Amino acid sequence: MNIKNRLLLLSGLIVAIVIAVVASLNGISKGVPENITYPDIVDTETLMEMINSKEDMVIVDLREPELFSQSRVPSSINIPFEEIPSRYTELPNDKKIIFVCHTGRMGMESGNLLLENGFKQVYNLEGGIAQWTGELEI
């Protein structure tokens, strides 16, 4: 790569960095609205305690039906992640809702959707099924 191409590449990178920094600072200066809430996080031990104490809750596994049928957190139901926007109204808003997914990201997104729609007791399994160390139903 000749010097001219290297300078063009370097200047492009600098422009991209400046744009990213300005965008970040712009977001920071606007602040985060105080009324934003996020699902509470539960770990394996806490969720197993909730299951064993027979708490009034619904555990929703967001993974694909094939994975759900292979193994799952005990007492969970399956609503695949892509169906949550059209099916979340099937969930009771007077019970705890705990989301389980692959790694936790889809559970967080689904939890945010429920919270935005008036649900109050929304949880996400920390690290998803990838970090689950409790027993599994098969």
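Is Glu45 buried or exposed? Glu45 counts as exposed, because its relative accessibility is 57% and the cut-off for exposed is over 50%. The model in which this value was computed is a predicted one. Glu45 has its place in helix α2, which covers residues 44–52. Together with Asp43, Glu49 and Glu126, Glu45 forms a negative patch on the surface.

From this residue, the view can widen to the whole chain. There are 138 residues in the chain, and buried residues make up 36% of them. The secondary structure consists of five helices and five strands. Read along the sequence, these elements follow the pattern α-β-α-β-α-β-α-β-α-β.

The stretch that links α2 to β2 holds several residues to look at. Lys54 is found in this loop between α2 and β2. The phi of Lys54 is positive, about 60°, although Lys54 is not a glycine. Most residues other than glycine have a negative phi. Lys54 is also exposed, because its relative accessible area is 71%. Glu55 is found in the loop between α2 and β2 as well. With 29% relative accessibility, Glu55 counts as partly exposed. Between the C-alpha atoms of Glu55 and Lys95 there are 9.0 Å, while along the chain these two residues are 40 residues apart.

Lys95 also takes part in a salt bridge, and its partner is Asp56. In this pair the closest N and O atoms are 3.4 Å apart. Why does the pair tie together parts that are 39 residues apart in sequence? Lys95 lies in the loop between α4 (84–87) and β4 (96–100), and Asp56 lies in the loop between α2 and β2 (57–61), so the bridge joins these two loops. Lys95 itself counts as partly exposed, because its relative accessibility is 26%.

A search of the whole structure finds seven salt bridges, among them the one just described. Another of these pairs is formed by Arg63 and Asp61. Here the closest N and O atoms are 2.8 Å apart. Are the two partners buried or exposed? Arg63 is buried, because its relative accessible area is 5%, and Asp61 is buried with a relative accessible area of 0%. The cut-off for buried is under 20%.

Arg63 has its place in the loop between β2 and α3, the latter being residues 65–70. Besides its salt bridge with Asp61, Arg63 has a side-chain polar atom that lies 2.6 Å from the backbone oxygen of Ser71. The backbone oxygen of Arg63 has a contact too: a polar atom of the side chain of Asn78 lies 2.9 Å from this oxygen. The side chain of Asn78 also reaches the backbone oxygen of Asp61, at 3.0 Å. Asn78 therefore has side-chain contacts with the backbone oxygens of both Arg63 and Asp61. Asn78 is found in strand β3, residues 76–78.

Another residue to note is Ser75, whose place is in the loop between α3 and β3. Like Lys54, Ser75 is not a glycine and has a positive phi. The value for Ser75 is about 70°.

A further salt bridge joins the side chains of Arg87 and Glu83, with 2.7 Å from N to O. Arg87 is partly exposed, because its relative accessible area is 24%. Glu83 is partly exposed as well, with a relative accessible area of 28%. Which residues are joined into one network by salt bridges that share partners? The network consists of Glu83, Arg87 and Glu90.

The last stop is strand β2, where Val60 lies. Val60 is buried, because its relative accessible area is 0%. In sequence, Val60 and Asn124 are 64 residues apart. In space, the distance between the two is 9.6 Å, taken from C-alpha to C-alpha.

Methods
Residues numbered from 1 in each chain as written. Predicted model: local features only at pLDDT ≥ 70, side-chain atom pairs only at ≥ 80, totals over all residues. Heavy atoms only, no water. Patch = residues over 30% accessible without salt bridge, like charges linked within 9 Å, V, L, I, M, F, W, Y side chains within 5 Å. Areas by Shrake-Rupley, 256 points an atom, 1.4 Å probe, with all protein chains shown as cover. Salt bridge = Lys/Arg side-chain N within 4 Å of Asp/Glu carboxyl O. Lys, Arg positive; Asp, Glu negative; His and termini not counted. Charge placed at Lys NZ, Arg CZ, Asp CG, Glu CD. Helix = DSSP H or I, 4+ residues; strand = E, 2+ residues; numbered from the N terminus. Buried < 20%, exposed > 50% of the residue type's maximum accessible area, 1.4 Å probe, protein only. Polar contact = N/O pair within 3.5 Å; in protein donor to acceptor, adjacent residues only side chain to side chain.
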